[in-house]
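Reader: Could you walk me through how this protein packs together inside? I would like to look at the structure while we talk.

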Amino acid sequence: MVDNKSVLVTGATGFIGTRLVSTLTEKGYSVSALVRNGRHTKVKTKEIVGDLTSDTLHFDDCFDCVFHLASCTPLEKNAKVLENVNLTGTKNLFNAINGKTKSLIYVSGLGVFGEPGDKIIDESHPQNPNTKFVDIRLKAENFLREKCQQNGINFSVVYFGDVYGSEGWFSDILAKRLQKKSFRVPGGGKYFKGFVNVDDAVGSMIAIYEKESFGESFIVADSSPVFFKDFVNYTADQLGQKHPGSVPVFLAKAALGSDLIKLLTTSMKVSNKKISEIYSFKFPSYKEGIPKVISEMKEKNILL
Ligand SMILES: NC(=O)c1ccc[n+]([C@@H]2O[C@H](COP(=O)([O-])OP(=O)(O)OC[C@H]3O[C@@H](n4cnc5c(N)ncnc54)[C@H](OP(=O)(O)O)[C@@H]3O)[C@@H](O)[C@H]2O)c1
């Protein structure tokens, strides 16, 4: 057990943040959660009410580490809202925690690497944002890196692959729609994706903090890059559903937004060698992770 170290989690009501708060709490951390007015964390913890978009955001407490997960997803089609939450909000957060935290871990995604082609890439691959969503996220990351360096705050960034678990997109967009037979695979699904189980996403972040691996960036995806269609079909098999058909990319973009579908349909194979040096994955492959997630969904009555 950890000796009551004090951490702040932003995005604590979200899919990954909820699991991070519960794991940190079980490990003995004293966890504060930034929540918007009227929202509550699913796990009982100290809630601090605030909105990233408010320039009066402030904290009375000091923290050993801030885990910054709060963001709009690429489903947000309004560029002004995206910029306000993901960039201005990140700046407001920094101003509120500057002088009040020793460390900051920032969460981003593999989209920062653009379209790297067929080869397996690692953290040294050049960053090349090709959506507005990622461009904004990269500006926020660079802002934090520079400000943390100037102000003596330890900083690391994690680039998550697609994080699956019993909630979030896996539940809402994939599993339930497979059950309703309304899911279609954009563009046929022959593009590589790096997936990561939510337990490993959370475990990796905590390992970075506990092993003091700062001044670094980490790709966090499991060891099994897979065609998106194979991941979907495996999930359908586990749910006892038929393999879904395909939808043209342009129609998927019209329904879910251009940035989301571009990020989804970009093929990417990533190496998790660097994070594996400090963290052992519980689920090195989706073939182990999905059955566990589906049984968790059944236990929680999340499935239809
Ligand atoms: N899920 C994935 O597959 C994946 C992959 C790569 C990277 N990531 C990154 O991981 C992080 C967490 O993802 P997630 O899937 O857990 O996201 P999520 O479920 O959509 O949760 C987003 C969180 O951000 C909070 N938030 C949004 N706007 C806010 C604001 N103005 N002020 C304060 N809080 C605000 C939300 O609070 P409310 O409850 O009040 O809305 C919620 O707690 C994000 O940065 C995401 O980009 C996720």
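Below, we talk through the cores, two helix pairs and two unusual backbone angles.

Author: This is a predicted model, in which local features need pLDDT of at least 70 and side-chain atom pairs count only at pLDDT 80 or more, while totals for chains, interfaces and linings use all residues. Residues are numbered from 1 along each chain as its sequence is written, and side-chain values use heavy atoms, with hydrogens and water left out.

Reader: Which element supplies the largest share of the largest nonpolar core?

Author: A nonpolar core is a set of buried Ala, Val, Leu, Ile, Met, Phe, Trp, Tyr and Cys residues joined through side-chain atoms within 4.5 Å, where buried means under 20% relative accessible area with a 1.4 Å probe, protein chains only. The largest one has 40 residues, and L8, F59, L104 and F113 have the most contacts inside it. Elements giving at least two residues each include β4, α2 and β5 (helices, H or I, of at least four residues and strands, E, of at least two are DSSP runs numbered from the N terminus). The largest share, eight residues, comes from α3.

Reader: How many residues are in the second core?

Author: This core is separate from the one above. V9, I16, A201 and I275 are among its members, and its size is 35 residues.

Reader: How are α6 and α10 oriented to each other?

Author: Helix α6 (228–239) and helix α10 (286–299) have axes 10 Å apart and an angle of about 40°; axes are lines fitted to C-alpha atoms over the stretch in contact, and angles run from 0 to 180 degrees between N-to-C directions. Contact means heavy atoms within 4.5 Å, and F231 and Y234 of α6 and I290 of α10 are among the residues that make it. Angles under 35 degrees count as roughly parallel, over 145 as roughly antiparallel, 65 to 115 as roughly perpendicular and the rest as oblique. The two helices are therefore oblique.

Reader: What is the angle between α7 and α8?

Author: Among the residues in contact are A252 and L256 of α7 and L260 and I261 of α8. The axes of these helices, residues 249–256 and 258–265, lie 7 Å apart, and the angle is about 135°.

Reader: Is K181 buried or exposed?

Author: K181 has a positive phi of about 60° although it is not a glycine, and its place is the loop between α4 and β9. Exposed means over 50% relative accessible area. At 55%, K181 is exposed.

Reader: What phi does E212 have?

Author: E212 sits in the loop between α5 and β12. Though not a glycine, E212 has a positive phi of about 50°.
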